[in-house]
Amino acid sequence: AKDAAEQQIAASLRDVQSGPFHIVLEQIDSFDNDACVVRVQESRELKELHYAILLRLSGFVEVDLSQPYCGKDPVRQSLWKTYGSAYVADGYTPHVTIGHGHPKRAKKCLKGRTWEVTAFQLSKKKESWQTIETFDL
């Protein structure tokens, strides 16, 4: 069952207006020293979806509860003060997390692959990731 805050966030995200679009995978990268991710080629549709979600979530951000950005980049400092994260808006790097570690075979077989994005999910992490709600585009 969703708690009250999750219900409010989900209700806000239901207003995101978009349509399905295709993404193109680029290079394999690592994140937080243990996650293997594939960078996604930026596109107008992806950027518009990102900003639409960010706009809907901005009212729920409690900056003083978020992990501070300690770097020197003034753009990222400004993003953190506004959104509680230095890695959103212009600081966002589109990616797909594919697992833990650094698989070597994936480097060649994923680059250039495309697929249609038809939904996004609101998830939370307790011991593992749990989907709260899926939103069709």
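**Exercise A: a bridge and its sheet**

Find the residue of β2 that is the bridge partner of L25, then place β2 in its sheet.

Solution. The bridge partner of L25 in β2 is V40. The model is predicted: local features need pLDDT of at least 70, side-chain atom pairs count only at pLDDT 80 or more, and totals for chains, interfaces and linings use all residues. Residues are numbered from 1 along each chain as its sequence is written, and side-chain values use heavy atoms, with hydrogens and water left out.

Next, take the pairing of the strands. Strand β2 (residues 35–40) is joined to β1 by five bridges, in the antiparallel sense. Helices (H or I, at least four residues) and strands (E, at least two) are DSSP runs, numbered from the N terminus, and two strands pair if DSSP finds at least two bridges between them. Strand β1, residues 21–31, also pairs with β4, antiparallel and over four bridges. There, F21 has V117 of β4 as its bridge partner.

Last, assemble the sheet. Its four strands run in the order β3-β2-β1-β4, the sheet is open, and the pairing is antiparallel. β3 (95–100) and β4 (114–117) are the edge strands, each paired on one side only. On average, neighbouring strands of this sheet are turned by 40° against each other, direction ignored; the axes are lines fitted to C-alpha atoms, for helices over the stretch in contact, and angles run from 0 to 180 degrees between N-to-C directions.

**Exercise B: the second pairing**

State how many bridges join β5 to β6 and how the two strands are connected.

Solution. β5 and β6 run antiparallel and are joined by seven bridges. One of the paired positions is L122, whose bridge partner in β6 is E133. The connection is a hairpin of three residues.

**Exercise C: the two sides of α1**

Which residues of helix α1 are buried, and what do they pack against?

Solution. Helix α1 spans residues 4–13, and its buried residues are E6, I9, A10, S12 and L13. They lie on the same side of α1, because they cover an arc of only 160° around the axis. Buried means under 20% relative accessible area, exposed over 50%, and partly exposed in between (1.4 Å probe, protein chains only); the arc is that of the directions from the helix axis to the C-beta atoms. An α-helix has 3.6 residues a turn, so residues three or four places apart point the same way.

These buried residues of α1 pack against α2 (44–57), β5 (119–125) and β6 (129–136). On the face turned away from the buried side, α1 carries the exposed residues A4 and Q8.

**Exercise D: helix ends**

Identify the residues that cap the N-terminal ends of α1 and α3, and the residue that follows α3.

Solution. For α1 the cap is D3: one of its side-chain oxygens lies 3.1 Å from the backbone nitrogen of A5. For α3 the cap is D73, with a side-chain oxygen 2.9 Å from the backbone nitrogen of V75. G84 follows α3 and has a positive phi, near 80°.

**Exercise E: the surroundings of S66**

Is S66 buried or exposed, and which residues does S66 touch?

Solution. S66 sits in the loop between α2 and α3 (74–83). Its relative accessibility is 18%, so S66 counts as buried. Leaving out residues up to four places away in sequence, S66 touches W80 and G84; contact means heavy atoms within 4.5 Å.

Now take the two partners in turn. The side chains of S66 and W80 are joined by a polar contact of 3.1 Å, that is, a pair of N or O atoms within 3.5 Å; within protein, one must be able to donate a hydrogen and the other to accept it, and residues adjacent in sequence count only if both atoms are side-chain atoms. With G84, the backbone oxygen lies 3.2 Å from a polar atom of the S66 side chain.

**Exercise F: an unusual backbone angle**

What is the phi of A89, and where does A89 lie?

Solution. Phi of A89 is near 50°, a positive value in a residue other than glycine. Most residues other than glycine have a negative phi. A89 lies in the loop between α3 and β3 and, at 9% relative accessibility, counts as buried.

**Exercise G: G99 and the cysteines**

Which residues does G99 touch, and how many disulfides does the structure have?

Solution. G99 lies in strand β3 and, at 24% relative accessibility, counts as partly exposed. Leaving out residues up to four places away in sequence, G99 touches D34, A35 and C36.

C36 has 1% relative accessibility and counts as buried, whereas C70 is exposed at 67%. A search of the whole structure finds zero disulfides, a disulfide being a pair of cysteine sulfur atoms within 2.5 Å.
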